[in-house]
Amino acid sequence: MMLNQNTFQAISESVVFVLDTSGRLWIDRGPFPTMVPPPRTEIDSSVWTFQALSETEVIVLGSDFNLWLEHGPFTGTIPPKRELIDANVNTYQGLNDTEVFVLRHDNTLW
């Protein structure tokens with residue numbers, strides 16, 4: 001799986017989640033820009049998209065179309081502790097760690 005571009009989401013002024021073009025999801029910790037490059041920890045290695053909910057929770061759509069809620073602390077264990085939300089997922093929108101809208105490949109919305 002190759003993505004066209006890097007994607008990132010800042011959670012605070014010192015925590016940024018970064019999805020690189022190879023499908024690896026990282027967490028970067030500041031302070032920014034004092035530390036270049038910032039300390040980086042890999043979270044997952046086969047990510048299509050993600051939505052960070054907090055510094056310790058991130059929703060991950062894997063390249064296998066399984067949707068996961070992954071839990072920190074993120075220490076480099078790949079994948080981290082996680083819970084399966086749904087399978088055969090096309091897209092999603094997380095509201096929080098217990099409510100996620102899911103559009104599956106069969107066009108059903110849950």
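This report walks through a predicted model of one protein chain, from its overall build down to a few unusual spots.

## The big picture

Let's start with the overall layout. The protein chain has 10 strands and zero helices, so if you read along the sequence you get the pattern β-β-β-β-β-β-β-β-β-β. The radius of gyration is 14 Å, close to the 13 Å that the globule rule gives for 110 residues, so the chain is as compact as a globular protein of that length. Along the principal axes, the C-alpha atoms fill a box of roughly 45 × 30 × 20 Å.

How much of the chain is tucked away? Of its 110 residues, 35% count as buried. The accessible surface comes to about 6400 Å², and carbon and sulfur atoms account for 53% of that. As for contacts between residues at least 6 apart in sequence, 29% of them join residues at least 24 apart.

## Three rings together

Now for some aromatic rings. The model has two aromatic pairs. One of them is Phe17 with Phe50, a tilted pair with 6.4 Å from centre to centre and 35 degrees between the planes. Phe17 sits in strand 2 (residues 15-19) and Phe50 in strand 5 (residues 47-52), so this pair links parts of the chain that are 33 residues apart.

What kind of pair do Phe17 and Phe74 make? Their ring centres are 6.2 Å apart and their planes meet at 85 degrees, so the pair is edge-to-face. Phe74 lies in the loop between strand 7 (67-71) and strand 8 (82-86), while Phe17 is in strand 2, so the pair ties together parts 57 residues apart in sequence.

Put Phe17, Phe50 and Phe74 together and you have one aromatic cluster. Are these rings buried or exposed? Phe17 is buried, because its relative accessible area is 0%, under the 20% cut-off. Phe50 is buried too, at 12%, and so is Phe74.

## A well-surrounded isoleucine

Next up is Ile43, which you'll find in strand 4 (residues 40-44). Ile43 has a relative accessible area of 0%, so it counts as buried.

Which residues touch Ile43, leaving aside its neighbours within four places in sequence? The list includes Phe17 and Phe74 from the aromatic cluster, and also Leu25, Trp26, Ile27, Glu70, Thr77, Ile78, Pro79 and Pro80.

## Unusual backbone spots

Most residues other than glycine have a negative phi, and most peptide bonds are trans. Here are some exceptions to look for. The peptide bond from Gly30 to Pro31 is cis, with omega near 25 degrees, and Pro31 is in the loop between strand 3 (25-29) and strand 4. Another cis bond joins Ile78 and Pro79, with omega about -10 degrees; Pro79 belongs to the loop between strand 7 and strand 8.

Which way does phi go at Phe65? It is positive, near 70 degrees. Phe65 is in the loop between strand 6 (57-62) and strand 7, and at 33% relative accessibility it counts as partly exposed. Asn107 also has a positive phi, about 70 degrees. You'll find Asn107 in the segment after strand 10, and it is exposed, with a relative accessible area of 62%.

## A nonpolar patch outside

Finally, take a look at the surface. Leu95, Phe101 and Leu109 make a nonpolar patch of about 330 Å². Phe101 belongs to strand 10 (residues 100-104) and is partly exposed, with a relative accessible area of 44%.

Note on methods:
Residues numbered from 1 in each chain as written. Predicted model: local features only at pLDDT ≥ 70, side-chain atom pairs only at ≥ 80, totals over all residues. Heavy atoms only, no water. Patch = residues over 30% accessible without salt bridge, like charges linked within 9 Å, V, L, I, M, F, W, Y side chains within 5 Å. Areas by Shrake-Rupley, 256 points an atom, 1.4 Å probe, with all protein chains shown as cover. Salt bridge = Lys/Arg side-chain N within 4 Å of Asp/Glu carboxyl O. Helix = DSSP H or I, 4+ residues; strand = E, 2+ residues; numbered from the N terminus. Buried < 20%, exposed > 50% of the residue type's maximum accessible area, 1.4 Å probe, protein only. Rg over C-alpha atoms; globule rule 2.2 N^0.38 Å. Contact = heavy atoms within 4.5 Å. Phe/Tyr/Trp six-rings, centres within 6.5 Å; stacked < 30°, edge-to-face > 60°.
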